[in-house]
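Me: I am new to this structure and would like a close look at a single part of it. Could you pick one and walk me through what surrounds it?

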Amino acid sequence: MISRLADQNICTSTNHHINKSSHQFMNHPLHQFRFCPKCGSSQFAENNEKSKKCAACGFVYYFNSSAAVVAVIKNAEGEILVARRAKEPAKGTLDLPGGFIDPYETAEEAVRREVGEETTLHVVSSEYLFSIPNIYVYSGFEVHTVDLFFRCIVDDFHDLHPHDDVSELQFITPDKLSPADFGLTSIRQGVEKLLREYKHTKRPHRN
Ligand SMILES: [Zn+2]
């Protein structure tokens with residue numbers, strides 16, 4: 001299983017998305033692709049901000065974001081399930097369960113599969129929340145991603161065990177969650193967003 005998502009060294013923006021102005025200073029997404037993947041020609045040149053075109057054979061390759069999923073799981077007490085990353089990038093920092101969507105898989109299938117692989121829990125249902133774009137460096141290559149956050153319903157937590165690229169699992173009450181403890185940029189931004197919404201919805205009930 002490929003671990004996933006952001007690279008805090010590249011994306012240091014505290015905004016909730018990679019804005020267009022910072023994007024203009026970044027490398028072309030295919031800057032490491034020096035040769036045409038179809039004919040091998042070195043005349044594989046930038047076509048526009050997200051594609052390269054081969055002058056020898058005419059092949060055009062567009063670099064699109066890789067889709068990934070993130071699971072927001074709460075127990076009956078309203079605590080959020082938080083994982084600790086077993087692998088780089090951001091090894092040892094907090095994370096939410098999730099990973100890349102496989103070819104031919106729906107996002108709902110992916111979040112159910114990833115939660116099963118990383119926690120052994122069974123997702124009964126899921127609901128799309130929001131998305132955050134990011135850059136994740138894997139094998140020295142900058143993978144542009146869009147991370148889709150899902151609220152996942154799990155009704156049985158007895159089988160909770162960390163697996164795969166997760167070393168530890170714990171439930172943390174939203175009041176004690178600290179976004180700074182999350183090493184991956186998109187997850188940290190997602191947790192900040194969830195906490196803002198949590199505080200927003202909590203206040204009227206307490207007043
Ligand atoms: Zn070519």
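Reply: Happily! Let's start where helix 2 has just ended: the residue that follows is Thr120, whose phi is positive, near 65°. Helices here are DSSP runs of H or I with at least four residues, strands are runs of E with at least two, and both are numbered from the N terminus. Before going further, please keep in mind that this is a predicted model, in which local features need pLDDT of at least 70, side-chain atom pairs count only at pLDDT 80 or more, and totals for chains, interfaces and linings use all residues. Residue numbers start from 1 along each chain as its sequence is written.

Now step back into the helix itself. Helix 2 is made of 13 residues and spans 18 Å from its first C-alpha to its last, close to the expected 18 Å; that expectation is 1.5 Å times one less than the number of residues. Its buried residues are Ala110, Val111, Arg112, Glu114, Val115, Glu118 and Thr119. A residue counts as buried if 20 or more other C-beta atoms lie within 10 Å of its own, as exposed with 12 or fewer, and as partly exposed in between, with C-beta atoms placed from the backbone. It helps to know that an α-helix has 3.6 residues a turn, so residues three or four places apart point the same way.

What do these buried residues pack against? They meet strand 4, strand 5, strand 7, strand 8, strand 9 and strand 10. Contact means that the C-beta atoms of two residues, placed from the backbone, lie within 7 Å. Helix 2 (residues 107-119) lies across four strands, namely strand 4 (66-73), strand 7, strand 8 and strand 9, and it runs at about 60° to strand 4. Axes are lines fitted to C-alpha atoms, for helices over the stretch in contact, and angles between N-to-C directions run from 0 to 180 degrees.

Those four strands belong together: they form an open sheet in the order 7-4-9-8, with mixed pairing. Two strands pair if DSSP finds at least two bridges between them. At the edges stand strand 7 (98-100) and strand 8 (125-138), each pairing on one side only. On average, neighbouring strands of this sheet are turned by 20° against each other, direction ignored. Strand 8 runs antiparallel to strand 9 (residues 141-153), and 13 bridges join the two. Across this pair, Glu127 faces Arg151 in strand 9.

The helix and the sheet also share the largest nonpolar core, which has 32 residues; those touching the most other members are Val69, Val70, Ala71, Val72, Val111, Phe150 and Cys152. Such a core is a set of buried Ala, Val, Leu, Ile, Met, Phe, Trp, Tyr and Cys residues joined through C-beta atoms within 7 Å. At least two core residues come from each of strand 4, strand 5 (80-85), helix 2, strand 9, strand 10 (166-172) and helix 3 (185-206). Strand 4 gives the largest share, 6 residues. Cys152 shows how the pieces meet: leaving out residues up to four places away in sequence, it touches Ala71, Val72, Ile73, Val111, Val115, Val123 and Ser126.

Strand 5, another neighbour of the helix, has 5 of its 6 residues buried, so it is largely enclosed by the rest of the structure. With strand 10 it pairs in the antiparallel sense over 6 bridges, and there Arg84 stands opposite Glu168. Strand 5 also pairs antiparallel with strand 6 (residues 94-95), over 2 bridges. In that second pairing, the bridge partner of Arg84 is Leu94.

Finally, here is the setting for all this. The protein has 3 helices and 10 strands, and from the N terminus on they run α-β-β-β-β-β-β-β-α-β-β-β-α. Of its 207 residues, 33% count as buried. Among contacts between residues at least 6 apart in sequence, 62% join residues at least 24 apart.
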